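Here's a walk through one protein model, taken a piece at a time. Keep the structure open and look up each residue as it comes along.

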Amino acid sequence: MNELFDDPLADLLRESDSLLRGLLGNAMVGMYLGQDGRFVYVNPWLANLFGYTQRELCSGMGPLDLTAADSRERVGEEIERRTRGEVPSSHYGFKALHRDGGTFEVEVFGVATRLGGRPAVIGLLHDISAREGATRALANQLRLTEKLIETIPGPLFYKDERGVYLGCNRAFEAYLGREREHIVGKSVHEVAPRELADLYQAADAALFRSPGTQTYEAVVENAQGERRDVVFYKATFDKADGSLGGLLGVILDITERKKLERKVWEQAHHDPLTGLPNMRWLRERLAAAVESAGRRGDKGLALLFIDLDRFKEVNDTLGHAAGDRLLVDAASRLRGALRAEDLVGRQGGDEFLVLVHDVEVPEQAEGVAAKVVEVLSQSFVLEGQEVRLSASAGIAMYPQDGQDVETLLRYADMAMYAAKGAGRAGYRRFSKEMQEQVARRHALGEALRRALEHGQFALHFQPIVDLRTGRVDKAEALLRWAHPELGAVGPAEFLPIAAEVGVLDAIGEWIMAEALEAIRRCAAVRPDRPVQVAINVGPRQIAGGACAAYLEALRGAGLAPELLAVEVTEETLQDANACVIEGLRALRSAGIAIDLDDFGIGHSAFSHLRDRLVSNIKIDSSLVSGLSSDPGGQVIVDALIAMAHTLGLKVTAEGVETEGQRRVLAHGACDFGQGSLLAEPMPLSDLLEFIASH
């Protein structure tokens, strides 16, 4: 018995009556005793929380009267489980009902007990709408006897003023995976691994130096070696004589919360598709790199802005799923092409950023850009098809070009667009001249949105002449834009911008309508042998349903399909997917001619020459230009003509500018010629006169 009173716990037990009264009168947590679905006792805090008096709550009301309708079933089940003895305790949250009809979330720690020989429930109720403050307040207030502490479902422990464990509850035993006899009477170094015990001991010492409460995050390792993230809530308590008695601690497991926080951080800082840093984190890293480089002052940085050329065509033709796979593959290639210290992230869409550290000379950055362009130009396999893209990269240097994040981003973007404008599949370093180009590009983009509405577009038609008879059998429709301030702007400059600002489809529809009108009027001039009009079409338009629209427009206009020709490039056929090829086949089957433009300078899709998808090839002007002076060039052109005729195809020579070129082509049995020698592009009214005279 003497040993019992020598135990510091005996002091607490002697004070249990006052402690219990203090606990029941606790001003920071609700306590109640319930039996037969009614309150036997509630403390003032709980009564005030719900807007009642203690007498009102204990005069026939019960927990379900304080429960919102959608939580009553669960609360009733939890009470019944404890009352029936199925579980000794439970911990759950529910939606509480205030006297005024409002609801709020609470959390209950309840245990089964007996009152008057019959089942009853004693519980603690906590308003979790202000969990952190309430938890700390609870930690400050808890002075529980060993019996009351045992009823708390969360891990709870208490120590003496030396940091030696005085006791704990069953939840603490279960959490550590250790029986109580292996905890009580021991220090943290006998219970926890050394590095964790040092942390716990230092925290305890700090709390004892400044008595009160303490909250901190840490890690707990159980007997099986499993580590969990926790928050420790601790508060000191005094002995009966007022001296420091020790501390009481409660553990809150936040392992899942920490996992969620890490996941949220990853989502906030990484692109969900590629796993690369996103723009938010890239800006942070770039700002830090700029600051660090500025302090050192010995080496610079390079920012690469990378865009996948023609990526939109992949999305439009193969679908977004294939486009996403391509982006994932591209991200992997970029990571593999860089040093470990360099950073690659996704700007958004098909744009990437690369931060290159420790750049001493611009040539280093150019080397990285060249490598990036090379790896992204290698073929991708999507939907069982080999797809080739290219990449354009812009380079901005710190500190030469800019000394802050926004400037570097803007200048790298400008340089990337300059690379695109130079023919794509390459890179450019920023220069001051690019600012003017970007300003022009922006102005053109804004003007393009209104160009159709303001009637600024026009179609000119370049006659295509039969080299044997001199008659005009075909004409190519060429788009012209007369900007009211900038003057004539070429299609090579404004069509890519039109695609970016989203007006390319509308322009294509307008071209088709104008082409049909030209076909009608040409047929009226020469009804016995109508002129075929050719329009240029890209893979994006084909994949977007242009082929079906052309057929419908022809039927609606009552025009024969053979009066329309569609010109596509070798690049389109080489990289085209099934959607594009099917669209072209539908046109060909309907009688519309497919002309292969710029033939001889790309990677010719010979399979489509053999399978009769193409009806006419157009030899590029670069091969025609040297015909009269270069015997080797003549051999190449003659071979192309012979091959095409063998396959049953017609041949048109582009860029015929001299009589000598015309004679060589005619001698080589070339079918048609197109160029300034024969006729310049002209408005429709001039074309009608030209047809009539030829």
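## Met 61, tucked into a loop

Let's start with Met 61: is it buried or exposed? This is a predicted model, and in it Met 61 has a relative accessibility of 16%, so it counts as buried, because the cut-off for buried is under 20%. You'll find Met 61 in the loop between helix 5 (54-57) and helix 6 (72-83).

Which residues does Met 61 touch, if you skip those up to four places away in sequence? The list is Arg 38, Phe 39, Tyr 52, Glu 56 and Leu 66. You can also check a spacing in your viewer: the C-alpha atoms of Met 61 and His 98 are 13 Å apart, while the two residues are separated by 37 residues along the chain.

## The sheet with strands 1 to 5

Phe 39, one of the contacts of Met 61, leads us to a sheet. Phe 39 sits in strand 2, where it stands opposite Gly 34. Strand 2 pairs with strand 1 (residues 30-35) in the antiparallel sense, and 4 bridges link the two.

Now zoom out. This open sheet has 5 strands in the order 2-1-5-4-3, and the pairing is antiparallel. Why do strand 2 (38-42) and strand 3 (89-97) each have one side without a neighbour in the sheet? They stand at the edges, so each has a single partner strand. Going from one strand to the next, the twist averages 35°. Helix 6 packs on this sheet and touches strand 1, strand 3, strand 4 (103-115) and strand 5 (118-127). The direction of helix 6 makes about 150° with that of strand 3.

## Another sheet, with mixed pairing

If you're new to sheets, here's the basic idea: strands pair through backbone hydrogen bonds, either parallel or antiparallel. Further along the chain, 5 strands form an open sheet in the order 12-13-11-16-17, this time with mixed pairing. Strand 12 (343-348) and strand 17 (426-429) take the edge places with a single partner strand each, so one side of each has no neighbour in the sheet. The twist here averages 25° from one strand to the next.

Let's look at one pair inside this sheet. Strand 11 (residues 300-309) runs antiparallel to strand 13 (residues 351-359), and they share 7 bridges. To spot the pairing, find Ile 306 and look across to Phe 352 in strand 13.

## Backbone oddities

Strand 13 also holds Asp 358. What is the sign of phi at Asp 358? It is positive, at about 50°, although Asp 358 is not a glycine. With a relative accessibility of 30%, Asp 358 counts as partly exposed.

Ala 425 also has a positive phi, about 55°, and is not a glycine. Look for Ala 425 in the loop between helix 16 and strand 17. Its relative accessibility is 42%, so Ala 425 counts as partly exposed. One more thing to find is a cis peptide bond: it joins Tyr 398 and Pro 399, with omega at about 10°. Pro 399 belongs to the loop between strand 16 (390-398) and helix 16 (405-421).

## Helix 13 meets helix 14

When two helices pack, people describe them by the angle between their axes and the distance between the axes. For helix 13 (residues 311-318) and helix 14 (residues 320-337), the axes come within 6 Å and cross at roughly 140°. That makes helix 13 oblique to helix 14.

Who makes the contact? From helix 13 come Phe 311, Val 314, Asn 315 and Leu 318, and from helix 14 come His 320, Ala 322, Gly 323, Leu 326 and Leu 327. Sorted by class, the contact has 6 nonpolar and 3 polar residues, and no charged ones.

## His 483 and its polar contacts

Last stop: His 483, which lies in strand 19 (residues 472-483). His 483 is buried, with a relative accessible area of 9%.

Which backbone nitrogens does the side chain of His 483 reach? A polar atom of the side chain lies 3.0 Å from the backbone nitrogen of Glu 485, and the side chain also reaches the backbone nitrogen of Leu 486 at 3.0 Å. Leaving out neighbours within four places in sequence, His 483 is in contact with Leu 444, Ala 447 and Val 489.

Key:
Residues are numbered from 1 along each chain as its sequence is written. This is a predicted model: local features need pLDDT of at least 70, side-chain atom pairs count only at pLDDT 80 or more; totals for chains, interfaces and linings use all residues. Side-chain values use heavy atoms; hydrogens and water are left out. Two strands pair if DSSP finds at least two bridges between them. Axes are lines fitted to C-alpha atoms, for helices over the stretch in contact, and angles run from 0 to 180 degrees between N-to-C directions. Buried means under 20% relative accessible area, exposed over 50%, partly exposed in between (1.4 Å probe, protein chains only). Contact means heavy atoms within 4.5 Å. A polar contact is a pair of N or O atoms within 3.5 Å; within protein, one must be able to donate a hydrogen and the other to accept it, and residues adjacent in sequence count only if both atoms are side-chain atoms. Angles under 35 degrees count as roughly parallel, over 145 as roughly antiparallel, 65 to 115 as roughly perpendicular and the rest as oblique. Ala, Val, Leu, Ile, Met, Phe, Trp, Tyr, Cys and Pro count as nonpolar, Asp, Glu, Lys and Arg as charged, and the others, Gly among them, as polar.
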